[in-house]
Structures are given as structure tokens and as C-alpha cells.
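The report below takes up domains, strand pairing and a pocket in turn. Please read it beside the sequence and the coordinates.

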Amino acid sequence: MKCHSSQNQKPISDEKIKILLMGNPNVGKSVIFSKLTGVHVDSSNYVGTTVDYTIGDVNFGRQQGVMIDVPGVYSLEATSEAEKVAVSLLEEGADVIICVLDATHLERNLDLAYQLKEYPIPIVYSLNLVDVAKRQGINIDAKKLSEELGAPVIPTVAIKNTGLMDLLRTSMKLAKEERIPRPKLTEEERWKKIKDIVAKVQTKVDSGPTFIEILEDKTIQPWPGIPLALLVLIISLGVVIGGGKALRALVLLPLVRDVIQPFLTNLVSLVVPPGIFRNLLVGDYGILIIGIEWPFALILPYVFLFYIVFSFLEDSGYMPRIGVLADGLLRRIGIQGGNIIPIMLGYGCAVPAILGSRVANTYKERIIVAALVSFAVPCASQSAAFMSLLGDRSILALASVYLLSILVALLVGIIINKMVPGKSQPMLLEVPNLLWPDKDAFKKKLKLRMKNFLIDAEGPMLLGIVIASVIAETGILNEFSRLIGPLVEGWLGLPKEASLSLLLGIMRRELAVLPLLELNLTTLQLIVGSVIALFYLPCLSVFAVLAKEFSLKVALLIGLATTTSAFLFGGIINQLGRLILGVM
Amino acid sequence: MTLAFGNKRAKYRVLKLPDSHFLKALGLRKGTEFTLECKHPFKGPVVVKVGCRCIAIDYDIARDIEVEEVS
């Protein structure tokens, strides 16, 4: 029940050379990984933690190997989950380590480089980002550095493929070689040694700031950083909404409605006689009709574009800047600025968002992020459904639903912050350089995310559609509608058929919206329906992950609170709306 | 003075800082010289530049870092 690829460790064959790719965060490790590994890449979860790492095949001549992209760490003190995973992977053993060093910040990177030498595994150092360092007036003598470290140092520009073959060749050559570990140094001794090395190998010429450096500077300042961030978010939203709408209207809907559906309807009509069974397949709610239209024509284009935009912002190093800019505001609701990243990821899918909040935050912050995401952050599938429902009718209605979601998110944060004892984790982070994302790494990440979406989200959605078809075509819906009629028709002002949304919404969030498409509702009814869907129960996968990550009690409490709010807000909007429009 | 009360674009040297491994790993140790890039509103983080890298430091941590201005 996860919208997230996560599988347990796979045994690695003994004949294959095992390479650990290690380094500080944001040094270009993942780019090196995606350039050196083949098409077969998997994301794995380290047993007993929430830390994921990627593993891929790597071949050089006749030598075969596997490369593990170890989570980026600053040290091996094992104080964070990522550090614990890095230490465990080292203790499991490997044939060779590729340690990636950032040439623009050699001093800080050498701390990890030195700690790795305490393990009996051969090391090759990749001195990456030498082009950026050069632009910044930094020059590092790789030969001298290699002498000081007692291991090969290969200058690389991973994004341009420079030096990578040399790096791989040297790694394969070193693999299986015996290596005697260096004795452990104290922290003070290590830093003294590092200072000496940097003085020997690095020269720096002061040059004026480059365009990228000016941009890096501007995007981290409150002014103009905050307005720029808002602009970036508006443009991102425009790309997802506009692009998704265009894809849907110009390509996918005509293809599904004019080609695929008539073809399937004709085909089924030839084979299946008229009656319930034919209706189940190609009726208004037929499995082959909405089972293709909803997931592929209405949802997929928005999800695809969301992940393109999100991955771009993530890989360009811009995301942590948004975290820094949002810190002052998010502190008011008890969470640190960095939590903006899992919250934004929640606009894709709540499951990785809730899991993603686990790595660096306190219990209090995790509860707040999980509740915010479950309550008021529509996932990409649900957003797509909103856009299909409201986008064509009223952009204003669409905007008000989102505005309401943000207000409620803030309110939920304020309330939980007051209710749950504890403190939030202070912000302490390195702001990465801004980079143009690497094409290969970007494509691999997007592929993995879309694969996860198709497997984990589309499956339950198709199942929901099958149930919808059965319910709608067999008359069960009428019974259910009669039961909850007073609530749906009286308090919420929706037609009784809308009860299908409530029934299916338990399974997937977008299924609380999509049945409303077929009902020819007024704008007020559309807003009411959307608001109910927005705050309604989190989907089954989210419920499961909440129960797993926190407890069944927390999951039930969140579910109860969201559902109550859904009917409360939906009803209030309906009653107020009718009062204002004078239709009561 | 403490870092939280420093001025934008001024250069400082660390005199005393909390015993945090992470601060050291990010390059902030006793004697490190850096530039204060900016301070964020509502007691948001203080951003400093050590070498070529920016580090965002929580306001509460910045209050515990003693610094002196260098010319």
C-alpha cells in the first residue's frame, strides 16, 4: 500500500564488484551514479530505517559490478539515520569506495574522506565540480592531493561526463586489492591534518561573482528571494495546470473518447449481449469506459507534469532555498522550514510525503506534517480531478478551493502545535549550489517516480473503478443514496447520486471528485463537492502509512477529524452559498 | 556579540560555538571566518557564507554562536 518504491535489500552476487558511492550531500553523487549505471536501477529501503538508497548495475569491459548510491553524509558519527545507514553499508563490506569530493568546498569534504580511510576498503576519490571551482577562482592540485590522501584522485565534471571513465577504470583496478586501514584520528587531529592539506593543494584567486553566483545570492535573501519563490511556484502551477489541460484536451481525451472508447464499445457489443454485464463493461460507468478515461486521460497528464516540475526544482538545488525562505512562517505552526519539501511532495502523493518527513524531524514536526498533508494538501491525482471538475467551469472556484486548503493547513498547524508537546528541530543546513539538472539523472528519477505511480496508485484506482461500475450498474448505489440522502441532499445540497463519491473516496482521493463530473452540477454544488473531497478521508494507502508510521489511533483520529471537517465545511459553504444566492 | 545580532554583509570570526558535530561538519569551527549573507524575518534563519558555500543557521543556534567582526 505504498505510492513509493521500497523493497528490501537484495543479495548481491559474489562475483560482482561491489562499489559504494559515497560523499557529502549535494556533491553530484547521484549524477555520477546515473551516468555510470545502466538502465536497471532500483530504489531500496534499508531495513529498519526510512532511508532509501539506489542500487544499479555497472559494467566495465568484462568486469561486472553493482554500485550503491549511499545516502549523502557529512561524517560517519552515526548520529542521523542516513549516517547509520552509511556506516552499516561500510561494515557490510565492499570491494571499492568511490568518495566524491566537492572541489568548491574541499576542506569540509575532506572530513568524510579521512574517516573513510579507517575502513579496510580501497578508495578512489572523485574530485567533482572542478569546472565550478575554476569559475570561482579555486584551483586544486589533484596530484598533490592524491599523494596526501594516499589514494588516486580523479578530477571529474560529472554532468559533462568528464573523467568518469577514468574513475570507473581506476575503481575496477583497485577493487579486491588488500588495503590496511589507517588508525583512527581524533576530531582535532583530523581537522589539523585537513587544514594542512588544503593549504598545500589549493590556491584561490578572487574573481568577480558569476551570473549563477548572483542568482544564488538573490534567491536566498528575503528580498527578492520571497517574491521570486512565489513567482517560481506560480509558473510551476501554470506549467502543471496549463500543460495538463492542453495534453488532456488536445491529445488524450480525443484519443480516448473518439478512438479507444468507440472501438471497445463496438467490440464488446459484438461479443456480449445487452444487459447488466454489457453495462458493467461499456455502460456509462463501464469498467472499459471510465477505467481508461479517468486514470489515463484525466489524472496521468497532471501527475506526469507535477513530477517533471518537482524533480526539476529538486535537482536544480532550488528546493532547500524555499525551505530557508519559508522557515520564519512555518515556525509559527511549529515546524522547521525544511518541512516545506515533504509538504510540497504531498501535492504529488501523501505517502512519500509522510515517509519523507521522518528523516530529520522531531515527533511533533512529523505529526504536524502528516496531519497537514492528510488534511489539506490535495495529491496530484486529486488536483487533476479538481482541474477536470472546476478548471473548465470556474477558475475562481478552483482558486478558492486551493486558498481554503492553505488556510485550513495553517489552522491545523496552529492547533496541533498547541496540542502536541515538544519542540521543533532547529534549522541547520547547507544551501546547495544552483545547477542545471543533469538530463540522465533527471530522466531516471522521473521514470522511477512514474513507475511507482503507475504501480501503486493506478492499481487501487482501477479497483475503485471496478467497484464503482458494480455499485452504479447494479442498483446498490440507490440503496446507499437513500440511506445517506438527508445528509447529501439536505445539508450538503448535492444530488443523491453524489453519494457515490463518498463511497469511493474512501479508496482513493480523486475518486471522491471524479463521479461528480458526470452529474451536471451548479458552480456552488461543484465547490461544495470539491471542499468535501478535499478534506474527506485520506485514501487507504495514506491511512495505512499513518497507522504504520504513528499508530492506528493517530490514523483514526486524523481520519475522523478530516471527515468531520469535510461535512462541516461543505455544509457551511452550501448553506451560506444558498443564503447569499437567495435560493433558500 | 552573537551571530543573531550580526549585520548583513559583515565579516566575522567564530569565537565560541555550541558543541555540535554537525556545525563542525558544515565547516563552522572556532576561528572560522565567514560573511553574514542575510537574516530572515520573524526570527528565521541566519544565512552565512563559509568559503563558497551558504549555510542556513537557525536563529536560536545563531544566538549561541559568539563572533567578532573582522575587517
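Domain bounds here come from an automatic or database domain assignment. On that basis, chain A is divided into domain 1 (17-208) and domain 2 (222-433 + 443-581), and 40 Å separate the centres of these two domains of chain A, taken over C-alpha atoms. This is a predicted model, in which local features need pLDDT of at least 70 and side-chain atom pairs count only at pLDDT 80 or more, while totals for chains, interfaces and linings use all residues. Residues are numbered from 1 along each chain as its sequence is written, chains are lettered from A and ligands numbered from 1 in the order in which they are written, and side-chain values use heavy atoms, with hydrogens and water left out.

Helices (H or I, at least four residues) and strands (E, at least two) are DSSP runs numbered from the N terminus, and two strands pair if DSSP finds at least two bridges between them. The table gives three such pairs.

| Strand pair | Sense | Bridges | Opposed residues |
|---|---|---|---|
| S1(A) (residues 17-23) and S4(A) | parallel | five | Ile17(A) and Gly65(A) |
| S3(A) (residues 52-60) and S4(A) | antiparallel | seven | Asn59(A) and Gln64(A) |
| S2(B) (residues 33-39) and S3(B) (residues 46-50) | antiparallel | four | Lys39(B) and Val46(B) |

Strand S4 (residues 63-69) of chain A is mostly covered, five of its seven residues being buried, where buried means under 20% relative accessible area, exposed over 50% and partly exposed in between (1.4 Å probe, protein chains only). S3(A) and S4(A) form a hairpin with two residues between them, and Gly61(A) in the turn has a positive phi of about 60°.

An open sheet of six strands takes in both chains, with antiparallel pairing and the order S10(A)-S4(B)-S3(B)-S2(B)-S1(B)-S5(B). Strand S10 (428-431) of chain A and strand S5 (66-69) of chain B stand at the edges, each with a single partner strand, so one side of each is left without a neighbour in the sheet.

The second largest pocket is lined by 43 residues, of which Leu233(A), Ile340(A), Met344(A), Tyr347(A) and Ile406(A) lie nearest its centre; a pocket is an open set of points on a 1 Å grid over the protein atoms alone, where a 1.4 Å probe fits, with protein on both sides within 12 Å along at least five of seven lines, and lining residues have an atom within 4 Å of a point. Among the elements that give two or more residues to this lining are helix H9 (222-271) and helix H17 (395-419) of chain A.

Val554(A) has its place in helix H23 (residues 552-581) of chain A, and at 15% relative accessibility Val554(A) counts as buried.
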